[in-house]
Amino acid sequence: ACRHAPGVRGARPRELRRARRGRRGGGGGRRARGAASGHAMSGSGSRDLKSLVLRYNFFLNTLDSSLSSEATPSETLASQYQDLLVFVRNLSQEERRDIQVQNTDWDADRRRQLQERCKKRGVM
């Protein structure tokens, strides 16, 4: 047996714990950035980006659907709009750019129209 093994074994779990913490976002309530974190394995970056686009579209589609009904209470619209804002504000600049490039469902014109509808309903 190698006499250096105990020292190596002793340091290794600590390194693994640090690496695991880093993948989880390092605590503090911050989530891992996925594709933008640089820790993505081959293929997972595109899945992470697709997931971000789908989540972003979920917020937009929900708000769009609610705005289509006059019966939707203004409190509901305000809550959905806030959910969208929180999601977008937690994205990095790189993630925002990636979403805009990859998102074929919600182009800039359609997002602008949604924003105008929000203004008309007093959401913004």
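Select helices H2 and H5 in this predicted model, and look along the place where their axes come within 11 Å and cross at roughly 45 degrees. Because an angle that is neither under 35 degrees nor in the 65 to 115 range nor over 145 counts as oblique, H2 and H5 are oblique to each other, and their crossing is left-handed. To see what makes this contact, show Tyr56, Leu60, Asn61, Leu63, Asp64 and Leu67 on H2, together with Arg110, Arg111, Leu114, Arg117 and Cys118 on H5. Coloured by class, these residues divide into six nonpolar, one polar and four charged.

Next, keep H2 in view and add H3, whose axis comes within 10 Å of that of H2 and crosses it at roughly 160 degrees. An angle over 145 degrees counts as roughly antiparallel, so H2 is roughly antiparallel to H3, and the crossing of this pair is left-handed. On the H2 side the contact includes Leu52, Arg55, Phe59 and Leu63, while on the H3 side Leu77, Tyr81, Leu84 and Phe87 are among the residues that take part. By class, the contact of H2 with H3 has 11 nonpolar, three polar and two charged residues.

Now turn to the largest nonpolar core, which has 19 residues, and select Leu63 and Ile99, the residues with the most contacts inside it. Helices H2 (44-67), H3 (74-89) and H5 (108-120) each supply at least two residues of this core, and the largest share, eight residues, comes from H2.

Finally, centre the view on Ile99: leaving aside residues up to four places away in sequence, Ile99 touches Leu49, Leu52, Val53, Tyr56 and Leu91.

Methods
Residues numbered from 1 in each chain as written. Predicted model: local features only at pLDDT ≥ 70, side-chain atom pairs only at ≥ 80, totals over all residues. Heavy atoms only, no water. Core = buried A, V, L, I, M, F, W, Y, C linked by side-chain atoms within 4.5 Å. Buried < 20%, exposed > 50% of the residue type's maximum accessible area, 1.4 Å probe, protein only. Helix = DSSP H or I, 4+ residues; strand = E, 2+ residues; numbered from the N terminus. Contact = heavy atoms within 4.5 Å. Axes fitted to C-alpha atoms, helices over the stretch in contact; angles between N-to-C directions. Left-handed = near helix turned anticlockwise from the far one by under 90°. Nonpolar A, V, L, I, M, F, W, Y, C, P; charged D, E, K, R; others polar.
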